[in-house]
Amino acid sequence: MNELTYDGVRALTETLAEPLSPEDQTAQSMPDTSPTKWHRAHTTWFFETFVLGPHQPGYRVFDDGYGYLFNSYYDAVGARHPRDQRGVITRPGADEIRVYREHVDDAMRTLTARGDSDDVEFLTALGLHHEQQHQELLLTDIKHVLSQNPVRPVYGKVAYATARDAAPAPRGWRMHDGGIVAIGHVGEAFAFDNEGPHHEVLLQPFEIAQSLVTAGEWLAFVDDGGYERSELWMSDGWYAVQAGKWRAPIYWDVTSGEDASVFTLDGQQPLDATAAMTHVSWYEADAFARWAGARLPTEAEWEAAAPDPIDVGERDAGGWYGSAWQWTASAYVAYPGFKPARGAVGEYNGKFMVNTHVLRGSCWATPPGHARRTYRNFYTPGSRWCASGVRLARDVS
């Protein structure tokens, strides 16, 4: 897999933002999304706050007000601007954020040229992987922003996403005998703290689908009244359907009387029935699985069955990586013996271990080098704008 470099990761963020106007970069379409400009600034604030501030003697903070504007949820380092009001931060502008990034990048190069201490090396690696997460969010968030515009504007293609589209896989199921299996990260390579400790779990025999649920299969669910049948839904999910007036997945248009279409970063496009289904919530994924006579896999089942990621550009016939994050039946909780990272960065993952579900794999927006078999993504069960899809499982009697 690709080895991350500081300049490479930082440059990719700017490349992803380049097609967007300053107005695009300022908009916030709902509380769960953040403006592109904010993503660019927040990832820079991370390096300034956790690497340069403590470890670069004499470092000059770029702007004293940025700590309040661009802190996300790190209570240990101070107050922050409300998340649902990030779109009103019209100043600093997009170009001022470019200057901020350049200031921090210059200081980071000076620091790392002196020779990394263990702390600097760890925090820099964490910052790079953190920025990769925001590269994905930048794309999924701007997709939601642009979808709210009645003229259906085009962002364009994401080069690394088109290179990793999943090739169609044979329909069918893969048998797993179950038993005691080891899951979780082990070794010296980078992993987030929530991926460990490595531990054993007991699995019953199960089958897991060889491919992801497709848009065509989901259209059949819609046509069969899937969004109108309360018996298919968890109670909280059925409430979400009613409250949000869900009748189809987000970004779908199946009401025009013509062929179904879907909003993409390339604008409004005809629905491709063979494409992996994406942008569905856990509630929707769970209801679809019940309709299909199956269930969602647990995260331990997923990890036991999944291959390791393949190189960028190669085809992933099963759609394990690079098409859609895959919802699991597992609540996002700590592994046995979990200890968060030391210091303020320990708030990074551990504080979200409530009211969320685990997703595995990676999606079309995940940057190269960021996927691995032990990766634990997580979202609240009603989240629809994230690039999440479905791989089915079922019990073996």
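**Local geometry, strand pairing and a pocket in a predicted model**

His-279 is buried, with a relative accessible area of 2%. The residue belongs to a model that is predicted, and its position is in the loop that connects β7 to α10. Although His-279 is not a glycine, its phi is positive, at about 65°. A positive phi is also found at Arg-152, again a residue that is not glycine, with a value of about 50°. Arg-152 is located in the loop between α6 and α7 (159–162). The relative accessible area of Arg-152 is 33%, so this residue is classed as partly exposed, whereas His-279 falls under the 20% limit for buried residues with its value of 2%.

Two cis peptide bonds that precede proline can be described next. The bond from Arg-91 to Pro-92 is cis, and its omega is near 5°. Pro-92 occupies the loop between α4 (66–70) and α5 (94–113). The bond from Gly-196 to Pro-197 is likewise cis, with omega near 0°. In this case the proline, Pro-197, is placed in the loop that runs between β2 (179–183) and β3 (199–203).

Strand β7, which precedes the loop of His-279, spans residues 267–270 and pairs with β6 in the antiparallel sense through 4 bridges. The two strands form a hairpin, with 2 residues between them. Within this pairing, Phe-263 has Gln-268 of β7 as its bridge partner. Strand β6 (residues 261–264) is also joined to strand β5 (residues 252–253), by 2 bridges and in an antiparallel arrangement. Here the partner of Trp-252 is Val-262 in β6.

A further sheet is open and consists of 4 strands in the order β10-β9-β8-β11, with mixed pairing. The edges of this sheet are formed by β10 and β11; each has a single partner strand, so one side of each lacks a neighbour in the sheet. The partner of β11 in this order is strand β8 (residues 325–331), and the two pair in the parallel sense over 2 bridges. Gln-326 stands opposite Gly-389 of β11.

Gln-326 is also a contact of Arg-391: the side chains of the two residues make a polar contact at 2.9 Å. Arg-391 is positioned in the loop between β11 (388–389) and β12 (393–395). Its relative accessibility is 0%, and Arg-391 therefore counts as buried. The side chain of Arg-391 also reaches the backbone oxygen of Ala-209, at a distance of 3.0 Å. Leaving aside residues up to four places away in sequence, Arg-391 touches Ile-208, Ala-209, Gln-210, Ser-211 and Leu-212, together with Leu-296, Pro-297, Trp-302, Gly-318, Gly-319, Trp-320 and Gln-326.

One of these contacts, Pro-297, is found in the loop between α10 (282–291) and α11 (299–305). Pro-297 counts as buried because its relative accessibility is 0%. With residues up to four places away in sequence again excluded, Pro-297 touches Ile-208, Trp-327, Thr-328, Ala-329, Arg-391, Leu-392 and Ala-393. Ile-208 is thus touched both by Pro-297 and by Arg-391. The C-alpha atoms of Pro-297 and Val-390 are separated by 9.4 Å, while the two residues are 93 residues apart along the chain.

The second largest pocket holds about 840 Å³ of space. This pocket is lined by 33 residues, of which Arg-83, Leu-137, Phe-352, Phe-378 and Tyr-379 are the closest to its centre. Elements contributing two or more residues to the lining are α3 (36–55), α6 (118–147) and β10 (377–379). The largest share belongs to α6, with 6 residues. By residue class, the lining comprises 12 nonpolar, 14 polar and 7 charged residues. Strand β10, which contributes to this lining, is also one of the edge strands of the open sheet.

Key. Residues are numbered from 1 along each chain as its sequence is written. This is a predicted model: local features need pLDDT of at least 70, side-chain atom pairs count only at pLDDT 80 or more; totals for chains, interfaces and linings use all residues. Side-chain values use heavy atoms; hydrogens and water are left out. Two strands pair if DSSP finds at least two bridges between them. On a 1 Å grid over the protein atoms alone, a cavity is a set of points where a 1.4 Å probe fits but cannot get out, and a pocket is an open set with protein on both sides within 12 Å along at least five of seven lines; lining residues have an atom within 4 Å of a point. Grid points are joined across faces, edges and corners, and a volume is the space filled by probe spheres set on the points. Ala, Val, Leu, Ile, Met, Phe, Trp, Tyr, Cys and Pro count as nonpolar, Asp, Glu, Lys and Arg as charged, and the others, Gly among them, as polar. Buried means under 20% relative accessible area, exposed over 50%, partly exposed in between (1.4 Å probe, protein chains only). A polar contact is a pair of N or O atoms within 3.5 Å; within protein, one must be able to donate a hydrogen and the other to accept it, and residues adjacent in sequence count only if both atoms are side-chain atoms. Contact means heavy atoms within 4.5 Å.
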